[in-house]
Amino acid sequence: MDAVSGYFHSLHHNMDWWMAISVGTLGLRAAVTLPLALIARRRMHRYQIMQPLLESTRNTLKVQLDRGSINKQEYRTQLREHRSDLYKTYKCRPQYTIAMQLTQIPLFLVVAGTLRQMAGYPFLWLERTQPIPGLDEGGLLWLDNLTIPDPTLITPIILGCLHWHNFSHAKGAWSLVLKSMAILSVPISTMLPSSIMIYWLTSACFSAAQHFLIPQLDKYFPAVK
C-alpha cells in the first residue's frame, strides 16, 4: 500500500487530489489491466478457434469407441492428450487465461484499501484514522471533501449504472451474478469515502471504453497469425 500511496502523492505534486486519483487510476489500468485484457482476449479467441478441432477428434474417438476399436480408458487418454496438444499449439490453456483476468482483483483491493487508509475513513472493523492533509478539500463539484461518502448519493448511483452497462455483455448465469454485483455496488458505495468513488468511477469509465476499443483492435492484432 505504501507504494500505491507514494504513487498518488507523486501525482498530487502537480495536480489536485481528485485529478491525481483519476490520472493515477488511468495509469494503473493502462499499464497493468489493459495489456492483460488484450492477451486474455486473444487467448479466448484462439480457444474458440481450436474448439472445432477438439470436437472433431472427440467425435472420431467416439466412433472408434462405439465400434470397439478402443476402450473407455483409451478414449479418455487420447482425448486428454489431444486436448493438451491443442492447448499448447494454440496457447490457450483456460486456467492461464482465467488467472490473467483475476489478477486485477488484488490491484483493485490494494488501491481501494490505500485510498481508504489515506482518507482515514472507518469501514467494517477498520477504525477511523487521521486523513492525509488536503484530502478533505481536494475534491471537485459536490465531492469537495474526499474523506467522507458522497452525501448526495449521486456517485453511487452513477457507479451502479456504469457497472450494469459494463456487465451487460455477460451471458447466462454469470450475467446474473455480475448484474447483482452492480446493484450491490450502490449501497456499498454509500459507506465509502469519495476518494474511492473517484477511483471506482474512473476505473468503470476505463472499462466501458476498453469494452468498446479492444474489439476494434482485432483487425490489427489477430488472434492467430
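Helices here are DSSP runs of H or I with at least four residues, and strands are runs of E with at least two, numbered from the N terminus. With that in hand, open the model and start at isoleucine 105, which is found in helix α5.

Before going further, two notes on the model. This is a predicted model, in which local features need pLDDT of at least 70, side-chain atom pairs count only at pLDDT 80 or more, and totals for chains, interfaces and linings use all residues. Residues are numbered from 1 along each chain as its sequence is written, and side-chain values use heavy atoms, with hydrogens and water left out.

**Stop 1: the surface around isoleucine 105**

Is isoleucine 105 buried, exposed or partly exposed? Its relative accessibility is 42%, so isoleucine 105 counts as partly exposed. The cut-offs are under 20% relative accessible area for buried and over 50% for exposed, with partly exposed in between (1.4 Å probe, protein chains only).

Now select Ile98, Leu102, Ile105, Phe108 and Leu109 together: they form a nonpolar patch on the surface, with about 450 Å² of accessible area in total. Patches are made of residues with over 30% relative accessible area and no salt bridge; nonpolar side chains (Val, Leu, Ile, Met, Phe, Trp, Tyr) are joined within 5 Å and like charges within 9 Å. Accessible areas come from the Shrake-Rupley method with a 1.4 Å probe, and for residues only the protein chains shown count as cover. Colour by helix and you will see that α4 (94-102) and α5 each supply at least two residues of the patch, with the largest share, 3 residues, coming from α5.

**Stop 2: the whole chain**

Zoom out. The chain holds 8 helices and 0 strands. Its C-alpha trace spans about 75 × 35 × 30 Å along the principal axes. The radius of gyration is 23 Å, whereas a compact globule of 225 residues would have one near 17 Å; this radius is taken over C-alpha atoms, and the globule rule is 2.2 Å times the number of residues to the power 0.38.

Switch on a surface if you like: the chain exposes about 13500 Å², and carbon and sulfur atoms supply 64% of that. Buried residues make up 35% of the 225 residues. Among contacts (heavy atoms within 4.5 Å) between residues at least 6 apart in sequence, 68% join residues at least 24 apart.

**Stop 3: the nonpolar cores**

Which residues touch the most other members of the largest nonpolar core? Select Trp17, Leu115 and Trp200, out of the 27 residues in that core. A nonpolar core is a set of buried Ala, Val, Leu, Ile, Met, Phe, Trp, Tyr and Cys residues joined through side-chain atoms within 4.5 Å. Helices α1 (2-12), α2 (17-67), α5 (104-119), α6 (154-167) and α8 (194-216) each supply at least two residues of this core, and α8 gives the largest share, 7 residues.

Centre on tryptophan 17. Setting aside residues up to four places away in sequence, its contacts include Phe8, His12, Met118, Ile132, Leu135 and Leu146. A second, separate core has 10 residues, among them Met50, Leu61, Tyr87 and Cys92.

**Stop 4: two buried residues**

Go to leucine 11 in helix α1. Leucine 11 counts as buried because its relative accessibility is 18%. Apart from neighbours within four places in sequence, leucine 11 is in contact with Ala20, Val23 and Gly24.

Next, pick threonine 155 in helix α6. Threonine 155 is also buried, with a relative accessible area of 2%. Beyond its neighbours within four places in sequence, threonine 155 is in contact with Trp142, Leu143, Asp150, Met197 and Leu201.

**Stop 5: salt bridges on α2**

How many salt bridges does a search of the whole structure find? There are 2, each defined by a side-chain nitrogen of Lys or Arg within 4 Å of a carboxyl oxygen of Asp or Glu.

Show the side chains of glutamate 55 and arginine 58, which meet at 2.6 Å, N to O. Both lie in helix α2, 3 residues apart, about one turn of the helix. Glutamate 55 is partly exposed at 35%, and arginine 58 is partly exposed at 23%.

Then select lysine 62 and aspartate 66, whose side chains meet at 3.1 Å, N to O. These two also lie in helix α2, 4 residues apart. Lysine 62 is partly exposed at 39%, whereas aspartate 66 is exposed at 55%.

**Last stop: across the chain**

Keep aspartate 66 selected and add threonine 129, in the loop between α5 and α6. Their C-alpha atoms are separated by 70 Å, with the two residues 63 apart along the chain. Threonine 129 touches Gln117 and Gly120, not counting residues up to four places away in sequence.
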